[in-house]
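Me: I'm new to this structure and would love a close look at one part of it. Could you walk me through the surroundings of a single residue?
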Amino acid sequence: MTVEYVDHASRRVERVYGVLARVYDDFFDWALGPGRRRAVACLGVAPGDRVLEVGVGTGLSLPLYPKGCEVVGIDISEPMLDRARARLGGLDGVRMRLLRMDARAIQFEDGYFDKVVAPYVVSVVPDPAAVLAEMARICRPGGTIIVVNRFLSRWRLFAALDRLLTPLSTWLGFRLDVPVTVVTQAPGLRLVREERVNMLGGWRLLVLERL
C-alpha cells in the first residue's frame with residue numbers, strides 16, 4: 001500500500017463524510033446506534049479518566065459519557081465536527097474537546113489516555129493497521145480499547161460477496177473486506193472479549209487491553 005494511495009483514499013473519505021454530515025444522524029444512527037451505545041457502556045469510564053473517541057463524527061456518542069471524565073473526540077471531517085460542536089453546546093458540565101485530526105497521526109503523547117473507543121472507523125480509514133498502532137500508542141498500559149466494526153465475513157461465500165462489493169462500498173466511504181485480524185492481531189493489544197451488536201448481530205464489538 002503506497003503513501004500516494006493512502007493519501008488519495010484519505011482525501012476521498014474526507015470528501016464523502018463531508019457530504020454525509022448533513023444526513024448522517026438520520027441515515028445511520030437507527031442501524032448503528034445500539035453498537036455505539038454498547039461500546040461506551042463497555043468502556044467503564046470512571047471519574048478522572050481520559051477518553052479518546054476516534055472518528056467522533058457528528059458526536060452521537062457525546063451525551064453518553066458520564067460527568068467527571070475528560071473526553072477528546074477526533075475526526076478528519078470538519079463538517080462532521082461542526083455538527084458535533086453544535087451537539088456539544090447542549091451538554092452541561094462535561095469536559096470535552098473536539099479536534100480535526102488524522103487518526104494515523106494522533107497528536108497526543110504516548111499513554112495519555114485511559115480509554116479509547118473507535119466506533120465504525122476501522123473499515124473507513126485507508127490504513128487501519130496504522131490507526132490501530134496509534135490507538136495502542138496513546139493508550140496507557142492496562143488501558144481499554146474498544147473497536148466496533150463490520151468485518152470481512154468468516155464464511156467463504158459471504159466473504160467472496162464482501163470482496164466483490166467492496167469497490168462499490170468504497171465510494172460510499174467504507175470497505176467490506178477488512179479482516180478482523182487487523183484488530184485482534186494488532187501489536188501491543190490483547191483481545192479480552194467479543195460481542196455481536198446491531199441488526200442481526202452483523203457488527204462486532206471488540207474489547208482489547210493495552211499490553
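Which residues does Val-116 touch, not counting residues up to four places away in sequence?

Reply: Happy to help! This is a predicted model, in which local features need pLDDT of at least 70, side-chain atom pairs count only at pLDDT 80 or more, and totals for chains, interfaces and linings use all residues. Residues are numbered from 1 along each chain as its sequence is written, and side-chain values use heavy atoms, leaving out hydrogens and water.

Leaving aside residues up to four places away in sequence, Val-116 touches Leu-43, Leu-52, Val-54, Met-135, Ile-138, Cys-139, Thr-144, Ile-145 and Ile-146; contact here means heavy atoms within 4.5 Å.

Together with Leu-52 and Val-54, Val-116 touches the most other members of the largest nonpolar core, which has 31 residues. Such a core is a set of buried Ala, Val, Leu, Ile, Met, Phe, Trp, Tyr and Cys residues joined through side-chain atoms within 4.5 Å. Buried means under 20% relative accessible area, exposed over 50%, and partly exposed in between (1.4 Å probe, protein chains only). Elements that each supply at least two residues of this core include strand S1 (50-54), strand S4 (113-119) and helix H4 (128-138). Helices (H or I, at least four residues) and strands (E, at least two) are DSSP runs, numbered from the N terminus. H4 gives the largest share, five residues. A second, separate core of 30 residues includes Ile-146, one of the residues that Val-116 touches.

Another contact of Val-116 is Cys-139, which is buried at 1% relative accessible area. The closest cysteine sulfur to that of Cys-139 is in Cys-69, 14 Å away, so the two are too far apart for a bond. Across the whole structure there are zero disulfides, meaning pairs of cysteine sulfur atoms within 2.5 Å.
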